[in-house]
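This report describes one protein structure, beginning with a single residue and its surroundings and then widening to the rest of the chain.

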Amino acid sequence: MSRGRGVSRGAGVLAGTAALLALACGVGVAHGTGGGAADASGGHGASPAEVSAREPGGGGEPSRTDDVGVPVGGGSWMRAAGVFSPPGSFLPSDALTYDTGLVPAGARIEVTQFAGPSGTRVGARLRGLVPGRPYGMHVHTSPCGVDPAAAGPHYQHRPAATADPVNEVWLDFRTDEEGDGRAEALHAWGFRADGARSVIIHDRQGGAGERAACFTVPFGPHGRE
Ligand SMILES: [Cu+2]
């Protein structure tokens, strides 16, 4: 597990940097660039220019990048990144903020999942939130919608069982002085196919809270089906 985690963390940092660069350059969508793991070992992934070449334009496309099911370290790797905007904004996004006082438009999120033989690691990195503030976050069952309730309830490993960070994926975090935050959750189980579809950022930590923002994420067993 230690080897897998090391690979994942390195890939996450580099892949996240690439995603932010791509987003800063106005790239709309880059699906399945297939470089998540290779980026970490090779040190060079798809540059923003290369991504732009594959996906020209981008006007009206969601502001996000995904790498799904990239094989690495005996498991597989998923990364999704997006830029928050309010529902109905000019550029449609899979990252929706329902409370711009807590999650400003333009704030960024990156969610990663490593699914291996011994379990699942979910990581999240946030940028551009309110500095020095606690936030709650969980994995939810359905994709985000205009209605904050669209994302459904928390994903539960054992349905209708206990609502706690063992049976659910809780990603509470506190932002630093820059408004950036990160969280990680480890579980010995994996997601059911299509059972986990989003993360919700809440106004407070713990098992409940107002829904401040939502990001649709392609969680999955990823190679473990
Ligand atoms: Cu939640």
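## Surroundings of Ser-198

Beyond its neighbours within four places in sequence, Ser-198 is in contact with His-138, Val-139, His-140, Ser-142, Pro-143, Cys-144, Ala-151, Cys-214, Phe-215, Thr-216, Val-217 and Phe-219. The model in which these contacts are found is a predicted one. Ser-198 belongs to strand 10. Because its relative accessibility is 0%, Ser-198 counts as buried.

One polar contact involves the side chain of Ser-198: a polar atom there lies 2.6 Å from the backbone oxygen of Ser-142. The contact list of Ser-198 also includes two histidines, His-138 and His-140, which are both donors of the copper ion. It further includes Cys-144 and Cys-214, and these two cysteines form a disulfide.

## Copper site

The copper ion has three protein donors, His-138 through ND1, His-140 through NE2 and His-202 through NE2, lying 2.0 Å from it. Along the chain the donors follow the spacing H-x1-H-x61-H. His-138 is in strand 7 (residues 134–140) and His-202 is in strand 10 (residues 198–202), so this pair ties together parts that are 64 residues apart in sequence.

Are these two donors buried or exposed? His-138 has a relative accessible area of 0% and is therefore buried. His-202 is likewise buried, with a relative accessible area of 2%.

## Disulfide

The count of disulfides comes to 1. This disulfide joins Cys-144 and Cys-214, with their sulfur atoms 2.0 Å apart. Since Cys-144 lies in the loop between strand 7 and strand 8 and Cys-214 lies in strand 11 (residues 211–216), the pair ties together parts that are 70 residues apart in sequence.

The torsion about the S-S bond is about -85 degrees, so the disulfide of Cys-144 and Cys-214 is left-handed. Both Cys-144 and Cys-214 are buried.

## Five-stranded sheet

Strand 10, which holds Ser-198, is part of an open sheet of 5 strands with the order 4-11-10-7-8 and antiparallel pairing. Strand 4 (95–97) and strand 8 are the edge strands, each pairing on one side only.

Strand 10 and strand 11 pair in the antiparallel sense over 5 bridges. Within this pairing, Ile-200 has Cys-214 in strand 11 as its bridge partner. Cys-214 thus appears in two roles, as a bridge partner of Ile-200 and as one half of the disulfide with Cys-144.

## Hairpin of strands 2 and 3

Strand 2 and strand 3 are paired in the antiparallel sense over 7 bridges. Pro-71 stands opposite Ser-76 in strand 3. The hairpin has 2 residues between the strands, and Gly-73 takes a positive phi near 55 degrees in it.

The two strands are also linked by a salt bridge. Arg-79 forms it with Asp-67, the closest N and O atoms being 2.6 Å apart. Arg-79 sits in strand 3 (residues 75–83) and Asp-67 in strand 2 (residues 64–72), 12 residues apart. Arg-79 and Asp-67 are both buried.

## Other salt bridges

How many salt bridges does a search of the whole structure find? The search finds 5. Besides the hairpin pair, they include the bridge of Arg-127 with Asp-180, whose closest N and O atoms are 3.9 Å apart. This pair links distant parts of the chain: Arg-127 is in strand 6 (residues 119–127), and Asp-180 is in the loop between strand 8 (173–174) and strand 9 (181–187), 53 residues apart. Arg-127 counts as partly exposed because its relative accessibility is 42%.

Another salt bridge is formed by Asp-203 and Arg-204, with the closest N and O atoms 3.2 Å apart. Asp-203 counts as buried because its relative accessibility is 18%, under the 20% cut-off. Arg-204, at 45% relative accessibility, therefore counts as partly exposed.

## Overall composition

The protein contains 3 helices and 11 strands. Along the sequence they follow the pattern α-β-α-α-β-β-β-β-β-β-β-β-β-β. Of its 225 residues, 48% count as buried.

Among contacts in the protein with a separation of 6 or more, 67% are between residues 24 or more positions apart.

How values were computed: Residues are numbered from 1 along each chain as its sequence is written. This is a predicted model: local features need pLDDT of at least 70, side-chain atom pairs count only at pLDDT 80 or more; totals for chains, interfaces and linings use all residues. Side-chain values use heavy atoms; hydrogens and water are left out. A salt bridge is a side-chain nitrogen of Lys or Arg within 4 Å of a carboxyl oxygen of Asp or Glu. Helices (H or I, at least four residues) and strands (E, at least two) are DSSP runs, numbered from the N terminus. Buried means under 20% relative accessible area, exposed over 50%, partly exposed in between (1.4 Å probe, protein chains only). Donors are N, O and S atoms within 2.8 Å of the metal (3.2 Å for Na, K and Ca); water is not among the atoms, so sites may look incomplete. Two strands pair if DSSP finds at least two bridges between them. A disulfide is a pair of cysteine sulfur atoms within 2.5 Å. A polar contact is a pair of N or O atoms within 3.5 Å; within protein, one must be able to donate a hydrogen and the other to accept it, and residues adjacent in sequence count only if both atoms are side-chain atoms. Contact means heavy atoms within 4.5 Å.
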